[in-house]
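Student: Could we go through this model together? I would like to learn how to read its inside and its surface.

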Amino acid sequence: MHSDSGAEALMRVGPSFDRERYEKAANLAAAAALFTRASSLPAPWVFDEPALCRPMAGTRDATAYRLFKRLGVASAAWDCVRTRRVSARSIALTLVAEWLTASRLEGFAPYTEHLYLFALCLRASKTAGPGERADGVGRVPVLAYLASTIYLASAIAKLRHGRQSWLRTGDVIDNALSLYRWNRVSEWAALADPVVLARLVLAFELVALPISVSGPTGLRVVSVSGLLLHVANYATLRVSFWHLAFTHLPTLYAIRRTVRGK
């Protein structure tokens, strides 16, 4: 007679969210994002171009910018390699370089405030929290919803200020393709219906947060979809929005499938 005495049947009970793994991965991602941001700020010679900025060649601000940019890169690299935890030093150094750039380059608006919000929240966060087990599995930290919250805010802004372009004409897609350099992928994208593309992007941004708060599975769906959106955006426009894409990686890393005995 067959007996399963001494053995346990295993069943999958769905994905869970490991907060401890999330915060470890998020700290590394934030340090890497700060490093990438600092290193991608305009080169010093940009400040010598009258067409791009208020003349500042050889000024104290130009010297300060070069210094803070280099220190920000070095500090973030140190965080990634040595401590694997984003530091207040890296945040401050990169933010100062960002501010010096934005205050001098004409029309320069990086829209990376959420990168610094992400890093600052990680600095203040604590792994332990009420309702969590010793293995770190428990409630999803609010920070994991940052990307989908930004998507929702973006969608609301589009509906308030560009409803015609996003819902009816789709010319926002054509304008974006014209603004950046064309390539083979962007030529393929131009063949699609711009209204459909615009509505798809808007729809994703509107539903991202409700889907995320439905649970770890919803978070996984939004994170994968968000990464695909950023890849497609980079392939067509050469604009990566890496500072937002970075926030998806720790979320995907922290979601795991729990198996228990029955």
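Student: Which residues have the most contacts inside the largest nonpolar core?

Tutor: This is a predicted model, where local features need pLDDT of at least 70, side-chain atom pairs count only at pLDDT 80 or more, and totals for chains, interfaces and linings use all residues. Residues are numbered from 1 along each chain as its sequence is written, and side-chain values use heavy atoms, leaving out hydrogens and water. A nonpolar core is a set of buried (under 20% relative accessible area, 1.4 Å probe, protein chains only) Ala, Val, Leu, Ile, Met, Phe, Trp, Tyr and Cys residues joined through side-chain atoms within 4.5 Å. The largest one has 31 residues, and those with the most contacts inside it are Phe17, Tyr22, Leu34, Val86, Phe118 and Leu122.

Student: Which helix supplies the largest share of this core?

Tutor: Helices here are DSSP runs (H or I, at least four residues) numbered from the N terminus. Several of them, including α4, α5 and α9, each supply at least two residues of this core. The largest share, 6 residues, comes from α1.

Student: How far apart are the end C-alpha atoms of helix α4?

Tutor: Helix α4 has 12 residues, 113–124, so at 1.5 Å a residue (times one less than the number of residues) it should span 16 Å. The computed distance agrees with this: 17 Å.

Student: Is Ile211 in helix α9 buried, exposed or partly exposed?

Tutor: Ile211 is found in helix α9. Partly exposed lies between buried and exposed (over 50%). With a relative accessible area of 33%, Ile211 is therefore partly exposed.
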